There are 2 protein chains.
Amino acid sequence: MSERIWTAGLVVIGDEILSGRTQDRNVAQLAVWLNVQGIRLSEVRMVADRTPAIVEAVNTLRTRYDYCFTTGGIGPTHDDITVDAIAEGLGVPVIVHPEAREELEAHYETRGGLTEARLRMARVPDGATLIANRMSGAPGIRHGNVFILAGVPHITAGMLAALTGTLEGGRPLVSRTIGCWVAESEVAELLRAVERDHCGDAKDAAVAIGSYPFFREGRVGANFVVRGADGDAVARCIADLSERLALAGYNVTPDGI
Amino acid sequence: MSERIWTAGLVVIGDEILSGRTQDRNVAQLAVWLNVQGIRLSEVRMVADRTPAIVEAVNTLRTRYDYCFTTGGIGPTHDDITVDAIAEGLGVPVIVHPEAREELEAHYETRGGLTEARLRMARVPDGATLIANRMSGAPGIRHGNVFILAGVPHITAGMLAALTGTLEGGRPLVSRTIGCWVAESEVAELLRAVERDHCGDAKDAAVAIGSYPFFREGRVGANFVVRGADGDAVARCIADLSERLALAGYNVTPDGI
(Lines give C-alpha, C1' and ligand atoms only; values in the text may rest on other atoms or scores of the structure.)
Protein backbone atom coordinates (compact mmCIF):
# COMPACT_ATOMS: atom_id res chain seq x y z
CA MET A 1 0.00 0.00 0.00
CA SER A 2 1.46 3.28 -1.06
CA GLU A 3 0.57 6.14 1.24
CA ARG A 4 -0.02 9.71 0.10
CA ILE A 5 3.07 11.81 0.85
CA TRP A 6 2.36 15.47 1.58
CA THR A 7 5.02 17.85 0.34
CA ALA A 8 6.06 21.47 0.72
CA GLY A 9 8.46 23.91 -0.89
CA LEU A 10 10.08 26.93 0.76
CA VAL A 11 11.23 30.21 -0.81
CA VAL A 12 13.68 32.14 1.39
CA ILE A 13 13.61 35.77 0.24
CA GLY A 14 16.35 38.27 0.98
CA ASP A 15 19.60 39.85 -0.20
CA GLU A 16 20.97 39.43 3.34
CA ILE A 17 20.95 35.64 2.98
CA LEU A 18 22.60 35.63 -0.46
CA SER A 19 25.26 38.15 0.61
CA GLY A 20 26.24 35.96 3.54
CA ARG A 21 25.42 38.71 6.06
CA THR A 22 22.68 36.64 7.72
CA GLN A 23 22.83 32.93 8.50
CA ASP A 24 19.46 31.44 7.54
CA ARG A 25 17.69 29.58 10.37
CA ASN A 26 14.27 29.16 8.78
CA VAL A 27 15.05 26.15 6.55
CA ALA A 28 15.84 23.91 9.53
CA GLN A 29 13.07 25.48 11.65
CA LEU A 30 10.39 24.94 8.99
CA ALA A 31 11.69 21.44 8.13
CA VAL A 32 11.40 20.24 11.72
CA TRP A 33 7.93 21.82 12.11
CA LEU A 34 6.72 20.26 8.84
CA ASN A 35 7.95 16.80 9.89
CA VAL A 36 5.65 16.99 12.91
CA GLN A 37 2.72 18.01 10.68
CA GLY A 38 3.36 14.97 8.47
CA ILE A 39 4.56 17.12 5.57
CA ARG A 40 7.91 16.70 3.84
CA LEU A 41 10.06 19.69 2.91
CA SER A 42 11.00 18.74 -0.65
CA GLU A 43 12.80 21.77 -2.05
CA VAL A 44 14.11 25.17 -0.97
CA ARG A 45 14.94 28.15 -3.14
CA MET A 46 16.75 31.24 -1.86
CA VAL A 47 16.25 34.33 -4.01
CA ALA A 48 17.15 38.03 -3.91
CA ASP A 49 14.76 40.92 -3.21
CA ARG A 50 13.73 41.06 -6.88
CA THR A 51 10.20 40.60 -8.19
CA PRO A 52 10.91 38.26 -11.16
CA ALA A 53 13.00 35.93 -8.98
CA ILE A 54 10.28 35.73 -6.31
CA VAL A 55 7.50 35.21 -8.88
CA GLU A 56 9.35 32.38 -10.61
CA ALA A 57 10.25 30.55 -7.40
CA VAL A 58 6.80 30.85 -5.78
CA ASN A 59 4.89 29.93 -8.93
CA THR A 60 7.05 26.86 -9.48
CA LEU A 61 6.91 25.55 -5.92
CA ARG A 62 3.20 26.30 -5.28
CA THR A 63 2.21 24.23 -8.32
CA ARG A 64 4.78 21.47 -7.72
CA TYR A 65 4.08 20.76 -4.03
CA ASP A 66 1.04 20.64 -1.74
CA TYR A 67 2.16 23.74 0.14
CA CYS A 68 4.49 26.65 -0.59
CA PHE A 69 5.98 28.72 2.23
CA THR A 70 7.94 31.93 1.97
CA THR A 71 10.03 33.71 4.60
CA GLY A 72 11.23 37.32 4.53
CA GLY A 73 10.36 40.64 2.97
CA ILE A 74 7.03 41.46 4.66
CA GLY A 75 8.10 44.47 6.73
CA PRO A 76 7.38 48.17 6.18
CA THR A 77 10.44 49.24 4.18
CA HIS A 78 11.19 49.67 0.46
CA ASP A 79 13.04 46.33 0.26
CA ASP A 80 9.98 44.41 1.49
CA ILE A 81 8.43 43.42 -1.84
CA THR A 82 7.23 39.89 -1.10
CA VAL A 83 3.48 40.66 -1.01
CA ASP A 84 3.51 42.60 -4.28
CA ALA A 85 5.62 39.96 -6.02
CA ILE A 86 3.42 37.06 -4.90
CA ALA A 87 0.23 38.93 -5.84
CA GLU A 88 1.75 39.44 -9.29
CA GLY A 89 2.58 35.74 -9.47
CA LEU A 90 -0.95 34.80 -8.41
CA GLY A 91 -2.48 37.28 -10.87
CA VAL A 92 -4.49 39.11 -8.20
CA PRO A 93 -4.41 42.73 -7.01
CA VAL A 94 -2.96 43.84 -3.66
CA ILE A 95 -5.58 45.10 -1.18
CA VAL A 96 -5.45 46.42 2.38
CA HIS A 97 -6.87 43.66 4.59
CA PRO A 98 -9.40 45.22 7.02
CA GLU A 99 -8.50 42.96 9.97
CA ALA A 100 -4.78 43.47 9.43
CA ARG A 101 -5.40 47.22 9.40
CA GLU A 102 -7.28 46.98 12.71
CA GLU A 103 -4.52 44.87 14.28
CA LEU A 104 -1.86 47.35 13.18
CA GLU A 105 -3.96 50.30 14.43
CA ALA A 106 -4.23 48.63 17.84
CA HIS A 107 -0.52 47.70 17.88
CA TYR A 108 0.68 51.20 16.95
CA GLU A 109 -1.89 53.15 19.02
CA THR A 110 0.69 53.61 21.80
CA ARG A 111 3.66 53.57 19.41
CA GLY A 112 3.20 56.73 17.38
CA GLY A 113 0.19 55.76 15.27
CA LEU A 114 -0.37 53.99 11.97
CA THR A 115 1.74 55.76 9.35
CA GLU A 116 1.61 55.09 5.63
CA ALA A 117 4.75 52.94 5.88
CA ARG A 118 3.26 50.85 8.67
CA LEU A 119 0.01 50.44 6.75
CA ARG A 120 2.07 48.64 4.09
CA MET A 121 2.13 45.67 6.47
CA ALA A 122 -1.69 45.33 6.13
CA ARG A 123 -1.39 44.80 2.37
CA VAL A 124 -2.19 41.27 1.13
CA PRO A 125 -2.88 39.54 -2.20
CA ASP A 126 -6.66 39.75 -2.75
CA GLY A 127 -8.37 36.66 -1.34
CA ALA A 128 -5.87 36.08 1.48
CA THR A 129 -6.48 35.28 5.13
CA LEU A 130 -4.21 36.26 8.02
CA ILE A 131 -1.82 34.21 10.15
CA ALA A 132 -1.61 35.50 13.74
CA ASN A 133 1.57 37.20 14.88
CA ARG A 134 1.74 37.90 18.62
CA MET A 135 5.34 39.11 18.44
CA SER A 136 5.04 42.23 16.31
CA GLY A 137 2.40 44.14 14.40
CA ALA A 138 2.52 42.53 10.97
CA PRO A 139 0.53 39.33 10.45
CA GLY A 140 1.53 36.43 8.22
CA ILE A 141 -0.59 35.76 5.14
CA ARG A 142 -2.20 32.67 3.65
CA HIS A 143 -3.46 32.63 0.05
CA GLY A 144 -4.61 29.17 -1.06
CA ASN A 145 -1.63 26.89 -0.54
CA VAL A 146 0.85 29.78 -0.23
CA PHE A 147 1.98 30.80 3.28
CA ILE A 148 3.81 34.12 3.56
CA LEU A 149 5.83 34.27 6.80
CA ALA A 150 8.23 36.71 8.45
CA GLY A 151 11.99 36.37 8.00
CA VAL A 152 13.12 37.03 11.59
CA PRO A 153 13.27 33.48 13.01
CA HIS A 154 11.48 34.06 16.34
CA ILE A 155 8.61 35.82 14.55
CA THR A 156 8.49 33.00 11.98
CA ALA A 157 8.29 30.58 14.92
CA GLY A 158 5.25 32.42 16.33
CA MET A 159 3.47 32.21 12.98
CA LEU A 160 4.24 28.48 12.68
CA ALA A 161 2.83 28.00 16.20
CA ALA A 162 -0.38 29.69 15.02
CA LEU A 163 -0.53 27.24 12.07
CA THR A 164 0.21 24.08 14.09
CA GLY A 165 -2.38 21.38 13.50
CA THR A 166 -4.27 23.37 10.84
CA LEU A 167 -2.64 21.84 7.72
CA GLU A 168 -3.59 18.47 6.31
CA GLY A 169 -0.64 16.07 6.25
CA GLY A 170 0.23 12.40 6.41
CA ARG A 171 2.02 10.42 9.06
CA PRO A 172 4.87 12.37 10.66
CA LEU A 173 8.35 11.52 9.41
CA VAL A 174 10.10 9.17 11.84
CA SER A 175 13.87 9.32 12.11
CA ARG A 176 16.22 6.94 13.98
CA THR A 177 19.98 7.33 14.25
CA ILE A 178 22.86 5.03 15.19
CA GLY A 179 26.56 5.85 15.15
CA CYS A 180 29.93 4.12 14.85
CA TRP A 181 33.52 5.25 15.24
CA VAL A 182 34.32 4.14 11.72
CA ALA A 183 35.32 5.70 8.40
CA GLU A 184 32.11 5.57 6.39
CA SER A 185 34.05 4.22 3.40
CA GLU A 186 34.80 1.06 5.43
CA VAL A 187 31.11 0.23 5.76
CA ALA A 188 29.88 1.59 2.43
CA GLU A 189 29.29 -1.91 1.00
CA LEU A 190 27.41 -3.01 4.12
CA LEU A 191 25.22 0.12 3.96
CA ARG A 192 24.54 -0.46 0.29
CA ALA A 193 23.38 -4.02 1.01
CA VAL A 194 21.00 -2.85 3.74
CA GLU A 195 19.74 -0.11 1.45
CA ARG A 196 19.06 -2.66 -1.32
CA ASP A 197 17.07 -4.88 1.07
CA HIS A 198 15.00 -2.13 2.69
CA CYS A 199 14.68 0.78 0.30
CA GLY A 200 13.86 -0.58 -3.15
CA ASP A 201 13.12 2.14 -5.68
CA ALA A 202 14.20 5.39 -4.03
CA LYS A 203 11.12 7.33 -5.06
CA ASP A 204 8.56 5.06 -3.40
CA ALA A 205 10.80 3.67 -0.67
CA ALA A 206 9.34 3.29 2.81
CA VAL A 207 12.69 4.28 4.31
CA ALA A 208 15.83 6.12 3.28
CA ILE A 209 19.27 5.67 4.83
CA GLY A 210 21.65 8.61 5.16
CA SER A 211 25.32 8.37 6.11
CA TYR A 212 26.89 11.42 7.81
CA PRO A 213 30.62 11.24 8.49
CA PHE A 214 32.35 13.42 11.07
CA PHE A 215 35.81 14.06 12.51
CA ARG A 216 35.81 14.57 16.26
CA GLU A 217 38.23 14.11 19.17
CA GLY A 218 40.92 13.18 16.64
CA ARG A 219 38.92 10.25 15.23
CA VAL A 220 36.61 9.69 12.30
CA GLY A 221 33.08 8.40 12.79
CA ALA A 222 29.72 8.37 11.09
CA ASN A 223 26.07 8.58 12.03
CA PHE A 224 23.57 6.55 10.04
CA VAL A 225 20.05 7.97 9.88
CA VAL A 226 17.01 5.97 8.76
CA ARG A 227 13.96 8.07 7.86
CA GLY A 228 10.44 7.18 6.82
CA ALA A 229 6.75 7.68 7.56
CA ASP A 230 6.29 4.03 8.63
CA GLY A 231 7.75 3.69 12.14
CA ASP A 232 7.81 -0.12 11.93
CA ALA A 233 9.76 -0.09 8.66
CA VAL A 234 12.23 2.40 10.15
CA ALA A 235 12.65 0.21 13.26
CA ARG A 236 13.18 -2.95 11.16
CA CYS A 237 15.79 -1.21 9.03
CA ILE A 238 17.70 0.24 11.99
CA ALA A 239 17.66 -3.17 13.75
CA ASP A 240 18.99 -4.92 10.64
CA LEU A 241 21.68 -2.28 10.11
CA SER A 242 22.75 -2.47 13.78
CA GLU A 243 22.98 -6.24 13.63
CA ARG A 244 25.06 -6.27 10.45
CA LEU A 245 27.42 -3.63 11.84
CA ALA A 246 27.83 -5.61 15.08
CA LEU A 247 28.46 -8.84 13.14
CA ALA A 248 31.15 -7.00 11.17
CA GLY A 249 32.85 -6.18 14.47
CA TYR A 250 31.84 -2.54 14.99
CA ASN A 251 30.56 -1.05 18.24
CA VAL A 252 27.20 0.54 17.52
CA THR A 253 26.13 3.56 19.58
CA PRO A 254 22.32 3.73 19.83
CA ASP A 255 20.83 7.18 19.06
CA GLY A 256 24.02 8.26 17.33
CA ILE A 257 27.29 9.83 18.41
CA MET B 1 29.08 52.93 -17.54
CA SER B 2 27.53 49.63 -16.68
CA GLU B 3 30.00 47.09 -15.34
CA ARG B 4 29.79 43.35 -16.00
CA ILE B 5 28.36 41.61 -12.92
CA TRP B 6 29.61 38.06 -12.39
CA THR B 7 27.06 35.71 -10.92
CA ALA B 8 26.87 32.25 -9.36
CA GLY B 9 24.20 29.78 -8.30
CA LEU B 10 24.52 27.16 -5.58
CA VAL B 11 22.82 23.77 -5.30
CA VAL B 12 22.88 22.36 -1.75
CA ILE B 13 22.33 18.59 -2.01
CA GLY B 14 21.16 16.42 0.87
CA ASP B 15 18.19 14.91 2.70
CA GLU B 16 19.81 15.92 6.00
CA ILE B 17 19.32 19.62 5.16
CA LEU B 18 15.67 19.22 4.07
CA SER B 19 14.81 17.07 7.10
CA GLY B 20 16.14 19.75 9.44
CA ARG B 21 18.75 17.37 10.93
CA THR B 22 21.66 19.47 9.73
CA GLN B 23 21.88 23.25 9.80
CA ASP B 24 23.38 24.37 6.48
CA ARG B 25 26.54 26.50 6.78
CA ASN B 26 27.66 26.45 3.17
CA VAL B 27 25.31 29.14 1.80
CA ALA B 28 26.80 31.83 4.03
CA GLN B 29 30.33 30.42 3.65
CA LEU B 30 30.17 30.38 -0.15
CA ALA B 31 28.42 33.78 -0.32
CA VAL B 32 31.17 35.50 1.68
CA TRP B 33 33.91 33.78 -0.33
CA LEU B 34 32.24 34.72 -3.65
CA ASN B 35 31.94 38.39 -2.57
CA VAL B 36 35.74 38.51 -2.20
CA GLN B 37 36.17 36.95 -5.68
CA GLY B 38 33.92 39.68 -7.15
CA ILE B 39 31.13 37.19 -7.87
CA ARG B 40 27.56 37.58 -6.65
CA LEU B 41 25.62 34.61 -5.25
CA SER B 42 22.32 35.07 -7.09
CA GLU B 43 20.26 32.00 -6.24
CA VAL B 44 20.40 28.91 -4.06
CA ARG B 45 18.46 25.68 -4.44
CA MET B 46 18.35 22.95 -1.80
CA VAL B 47 17.34 19.55 -3.13
CA ALA B 48 17.04 15.98 -1.85
CA ASP B 49 19.36 13.07 -2.70
CA ARG B 50 17.40 12.29 -5.87
CA THR B 51 18.82 12.33 -9.38
CA PRO B 52 16.01 14.22 -11.21
CA ALA B 53 16.02 16.99 -8.58
CA ILE B 54 19.81 17.40 -8.82
CA VAL B 55 19.80 17.35 -12.63
CA GLU B 56 17.09 20.01 -12.87
CA ALA B 57 18.70 22.35 -10.35
CA VAL B 58 22.25 22.07 -11.73
CA ASN B 59 21.19 22.36 -15.38
CA THR B 60 19.11 25.46 -14.63
CA LEU B 61 21.72 27.27 -12.55
CA ARG B 62 24.74 26.40 -14.73
CA THR B 63 23.07 27.91 -17.78
CA ARG B 64 21.57 30.91 -15.93
CA TYR B 65 24.69 32.10 -14.09
CA ASP B 66 28.42 32.37 -14.79
CA TYR B 67 29.24 29.68 -12.25
CA CYS B 68 27.32 26.86 -10.59
CA PHE B 69 28.49 25.35 -7.31
CA THR B 70 27.19 22.26 -5.56
CA THR B 71 27.81 21.05 -2.02
CA GLY B 72 27.17 17.57 -0.65
CA GLY B 73 26.85 13.99 -1.84
CA ILE B 74 30.41 13.22 -3.01
CA GLY B 75 31.39 10.63 -0.38
CA PRO B 76 31.73 6.83 -0.74
CA THR B 77 28.25 5.68 0.33
CA HIS B 78 25.06 4.75 -1.54
CA ASP B 79 23.41 8.14 -0.84
CA ASP B 80 26.29 10.01 -2.54
CA ILE B 81 24.84 10.38 -6.03
CA THR B 82 25.98 13.90 -6.94
CA VAL B 83 28.64 12.91 -9.50
CA ASP B 84 26.36 10.49 -11.35
CA ALA B 85 23.47 12.98 -11.39
CA ILE B 86 25.61 15.84 -12.67
CA ALA B 87 27.21 13.66 -15.35
CA GLU B 88 23.70 12.73 -16.47
CA GLY B 89 22.75 16.42 -16.54
CA LEU B 90 25.86 17.26 -18.56
CA GLY B 91 25.28 14.34 -20.91
CA VAL B 92 28.73 12.82 -20.33
CA PRO B 93 29.80 9.43 -18.92
CA VAL B 94 31.31 8.96 -15.47
CA ILE B 95 34.98 7.93 -15.52
CA VAL B 96 37.59 7.17 -12.87
CA HIS B 97 39.98 10.13 -12.84
CA PRO B 98 43.58 8.79 -12.82
CA GLU B 99 44.97 11.53 -10.56
CA ALA B 100 42.07 11.17 -8.12
CA ARG B 101 42.74 7.44 -8.02
CA GLU B 102 46.41 8.07 -7.24
CA GLU B 103 45.53 10.55 -4.50
CA LEU B 104 43.10 8.12 -2.91
CA GLU B 105 45.63 5.26 -3.16
CA ALA B 106 48.19 7.41 -1.33
CA HIS B 107 45.63 8.56 1.26
CA TYR B 108 44.36 5.05 2.05
CA GLU B 109 47.74 3.29 1.85
CA THR B 110 48.05 3.44 5.65
CA ARG B 111 44.29 3.32 6.23
CA GLY B 112 43.30 -0.15 5.01
CA GLY B 113 43.78 0.27 1.26
CA LEU B 114 41.65 1.49 -1.62
CA THR B 115 38.40 -0.52 -1.56
CA GLU B 116 35.74 -0.42 -4.26
CA ALA B 117 33.63 1.94 -2.12
CA ARG B 118 36.54 4.32 -1.65
CA LEU B 119 37.33 4.22 -5.36
CA ARG B 120 33.86 5.72 -5.90
CA MET B 121 35.36 9.02 -4.74
CA ALA B 122 37.67 9.04 -7.78
CA ARG B 123 34.70 9.01 -10.17
CA VAL B 124 34.10 12.26 -12.10
CA PRO B 125 32.03 13.41 -15.07
CA ASP B 126 34.22 12.86 -18.17
CA GLY B 127 36.20 16.02 -18.94
CA ALA B 128 36.50 17.17 -15.33
CA THR B 129 39.53 18.48 -13.47
CA LEU B 130 40.17 18.12 -9.73
CA ILE B 131 39.96 20.62 -6.87
CA ALA B 132 42.51 19.90 -4.15
CA ASN B 133 41.30 18.59 -0.80
CA ARG B 134 43.96 18.49 1.93
CA MET B 135 41.45 17.52 4.63
CA SER B 136 40.30 14.11 3.45
CA GLY B 137 40.82 11.74 0.52
CA ALA B 138 38.12 12.83 -1.91
CA PRO B 139 38.91 15.76 -4.19
CA GLY B 140 36.41 18.35 -5.39
CA ILE B 141 35.58 18.40 -9.09
CA ARG B 142 35.37 21.11 -11.75
CA HIS B 143 33.61 20.53 -15.06
CA GLY B 144 33.33 23.69 -17.16
CA ASN B 145 31.53 26.21 -14.99
CA VAL B 146 30.27 23.58 -12.53
CA PHE B 147 32.12 23.18 -9.21
CA ILE B 148 31.31 20.06 -7.18
CA LEU B 149 32.30 20.55 -3.54
CA ALA B 150 32.04 18.56 -0.31
CA GLY B 151 29.13 19.08 2.07
CA VAL B 152 31.01 19.04 5.39
CA PRO B 153 31.72 22.76 5.92
CA HIS B 154 35.40 22.60 6.92
CA ILE B 155 36.16 20.38 3.90
CA THR B 156 34.18 22.77 1.67
CA ALA B 157 36.31 25.58 3.13
CA GLY B 158 39.53 23.79 2.13
CA MET B 159 38.28 23.36 -1.45
CA LEU B 160 37.30 27.05 -1.64
CA ALA B 161 40.78 27.96 -0.39
CA ALA B 162 42.22 25.91 -3.27
CA LEU B 163 40.01 27.85 -5.72
CA THR B 164 40.77 31.32 -4.31
CA GLY B 165 41.93 33.71 -7.01
CA THR B 166 41.40 31.24 -9.87
CA LEU B 167 37.93 32.39 -10.98
CA GLU B 168 37.31 35.44 -13.12
CA GLY B 169 35.12 37.99 -11.38
CA GLY B 170 34.39 41.69 -11.19
CA ARG B 171 34.99 44.17 -8.42
CA PRO B 172 34.34 42.67 -4.96
CA LEU B 173 31.02 43.57 -3.39
CA VAL B 174 31.45 46.37 -0.86
CA SER B 175 29.09 46.53 2.11
CA ARG B 176 28.70 49.32 4.71
CA THR B 177 26.36 49.22 7.69
CA ILE B 178 24.93 51.83 10.05
CA GLY B 179 22.45 51.26 12.86
CA CYS B 180 19.79 53.14 14.84
CA TRP B 181 17.70 52.33 17.90
CA VAL B 182 14.51 52.97 15.95
CA ALA B 183 11.52 50.97 14.71
CA GLU B 184 12.23 50.56 10.99
CA SER B 185 8.65 51.56 10.22
CA GLU B 186 9.41 55.05 11.64
CA VAL B 187 12.11 55.66 9.04
CA ALA B 188 10.61 53.72 6.13
CA GLU B 189 9.74 56.92 4.21
CA LEU B 190 13.22 58.35 4.76
CA LEU B 191 14.80 55.10 3.54
CA ARG B 192 12.55 55.07 0.51
CA ALA B 193 13.64 58.60 -0.40
CA VAL B 194 17.33 57.73 -0.13
CA GLU B 195 16.71 54.60 -2.16
CA ARG B 196 14.99 56.65 -4.91
CA ASP B 197 17.92 59.08 -5.09
CA HIS B 198 20.69 56.48 -5.10
CA CYS B 199 19.38 53.21 -6.48
CA GLY B 200 17.32 53.98 -9.58
CA ASP B 201 16.21 50.87 -11.43
CA ALA B 202 16.84 47.99 -9.07
CA LYS B 203 18.33 45.71 -11.70
CA ASP B 204 21.16 47.99 -12.75
CA ALA B 205 21.50 49.94 -9.52
CA ALA B 206 25.00 50.75 -8.33
CA VAL B 207 23.88 50.24 -4.74
CA ALA B 208 21.11 48.46 -2.85
CA ILE B 209 19.86 49.39 0.63
CA GLY B 210 18.67 46.68 3.03
CA SER B 211 16.85 47.32 6.31
CA TYR B 212 17.22 44.67 9.04
CA PRO B 213 15.14 45.20 12.18
CA PHE B 214 16.00 43.57 15.51
CA PHE B 215 14.74 43.38 19.08
CA ARG B 216 17.51 43.43 21.67
CA GLU B 217 17.94 44.51 25.29
CA GLY B 218 14.20 45.19 25.42
CA ARG B 219 14.35 47.76 22.58
CA VAL B 220 13.74 47.72 18.85
CA GLY B 221 16.41 48.81 16.42
CA ALA B 222 17.47 48.38 12.82
CA ASN B 223 20.66 48.06 10.82
CA PHE B 224 20.80 49.58 7.37
CA VAL B 225 23.17 47.92 4.91
CA VAL B 226 24.29 49.53 1.64
CA ARG B 227 25.85 47.10 -0.85
CA GLY B 228 27.43 47.61 -4.25
CA ALA B 229 30.51 46.99 -6.37
CA ASP B 230 31.38 50.71 -6.54
CA GLY B 231 32.91 51.66 -3.18
CA ASP B 232 32.48 55.40 -3.86
CA ALA B 233 28.77 55.01 -4.61
CA VAL B 234 28.33 52.94 -1.44
CA ALA B 235 30.16 55.59 0.61
CA ARG B 236 28.07 58.44 -0.89
CA CYS B 237 24.85 56.58 -0.15
CA ILE B 238 25.80 55.72 3.43
CA ALA B 239 26.87 59.34 4.07
CA ASP B 240 23.59 60.69 2.69
CA LEU B 241 21.54 58.19 4.70
CA SER B 242 23.48 58.99 7.90
CA GLU B 243 22.96 62.72 7.39
CA ARG B 244 19.22 62.41 6.79
CA LEU B 245 18.80 60.15 9.84
CA ALA B 246 20.74 62.63 12.00
CA LEU B 247 18.68 65.57 10.66
CA ALA B 248 15.53 63.63 11.60
CA GLY B 249 16.83 63.44 15.17
CA TYR B 250 18.16 59.86 15.32
CA ASN B 251 21.50 58.80 16.77
CA VAL B 252 23.36 56.91 14.10
CA THR B 253 25.79 54.16 15.14
CA PRO B 254 28.58 53.76 12.57
CA ASP B 255 29.25 50.16 11.49
CA GLY B 256 25.90 49.03 12.84
CA ILE B 257 24.57 47.89 16.18
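A residue counts as exposed if 12 or fewer other C-beta atoms lie within 10 Å of its own, and as buried if 20 or more do. Keep those cut-offs handy for the views below, which come from a predicted model.

**View 1. The segment after S12, once in each chain.** Asp255(B) sits in the segment that follows S12 of chain B. With 9 C-beta neighbours inside 10 Å, Asp255(B) falls under the limit of 12 and so counts as exposed. Its phi is near 65°, a positive value in a residue that isn't glycine. Over in the other chain, Asp255(A) comes after strand S12 (253–254) of chain A and is exposed as well, with 9 other C-beta atoms within 10 Å. Phi of Asp255(A) is also positive, near 65°.

**View 2. A buried glycine in a loop of chain A.** Gly151(A) belongs to the loop between strand S8 (146–149) and helix H7 (153–163) of chain A. Here the count goes the other way: 25 other C-beta atoms lie within 10 Å, so Gly151(A) is buried. Setting aside residues up to four places away in sequence, Gly151(A) touches Gly14(A), Thr71(A), Gly72(A), Gly73(A) and Thr156(A). For a sense of scale, Glu186(A) is 35 residues away from Gly151(A) in sequence and 42 Å away in space, C-alpha to C-alpha.

**View 3. Val11(A) and the nonpolar core.** The largest nonpolar core runs to 100 residues, and Val11(A) and Val11(B) have the most contacts inside it. Beyond its neighbours within four places in sequence, Val11(A) is in contact with Arg45(A), Val47(A), Ile54(A), Ala57(A), Val58(A), Leu61(A), Cys68(A) and Thr70(A). In soluble globular proteins, nonpolar side chains tend to be buried together.

**View 4. Helix H4 of chain A and the glycine after it.** Helix H4 covers residues 82–90 of chain A, and its buried residues include Thr82(A), Val83(A), Ala85(A), Ile86(A), Ala87(A) and Gly89(A). Right after H4(A), Gly91(A) has a positive phi of about 70°.

**View 5. A four-stranded open sheet in chain B.** The strands line up as S10-S11-S9-S12 (chain B), with antiparallel pairing. Strand S10 (207–216) and strand S12 (253–254) of chain B are at the edges with a single partner strand each, so one side of each has no neighbour in the sheet. Helix H8 (residues 188–199) of chain B packs on this sheet, touching S10 and S11 of chain B, and its direction makes about 160° with that of S10(B). Helix H9 (residues 231–247) of chain B lies across S9, S10 and S11 of chain B, at about 10° to S9(B). Within the sheet, S9 (residues 174–180) and S11 (residues 219–228) of chain B pair in the antiparallel sense over seven bridges, and Thr177(B) stands opposite Val225(B) in S11(B).

**View 6. Where the two chains meet.** 52 residues of chain A are in contact with 51 residues of chain B. On the chain A side, S2(A) gives the most, with seven residues. The copies meet through the same surface, because 98% of the interface residues of chain A are also interface residues in chain B. A turn of 180° and a shift of 0.0 Å along the axis lay chain A on chain B with an RMSD of 0.0 Å. That is the relation of a two-fold axis. Arg45(A) comes closest to that rotation axis among the residues of chain A, at 2.2 Å (C-alpha).

Definitions and conventions
Residues are numbered from 1 along each chain as its sequence is written. Chains are lettered from A and ligands numbered from 1 in the order in which they are written. This is a predicted model: local features need pLDDT of at least 70, side-chain atom pairs count only at pLDDT 80 or more; totals for chains, interfaces and linings use all residues. A nonpolar core is a set of buried Ala, Val, Leu, Ile, Met, Phe, Trp, Tyr and Cys residues joined through C-beta atoms within 7 Å. Two residues are in contact if their C-beta atoms, placed from the backbone, lie within 7 Å. Two strands pair if DSSP finds at least two bridges between them. Helices (H or I, at least four residues) and strands (E, at least two) are DSSP runs, numbered from the N terminus. Axes are lines fitted to C-alpha atoms, for helices over the stretch in contact, and angles run from 0 to 180 degrees between N-to-C directions. Copies are superposed by least squares on the C-alpha atoms of residues with pLDDT of at least 70 in both.
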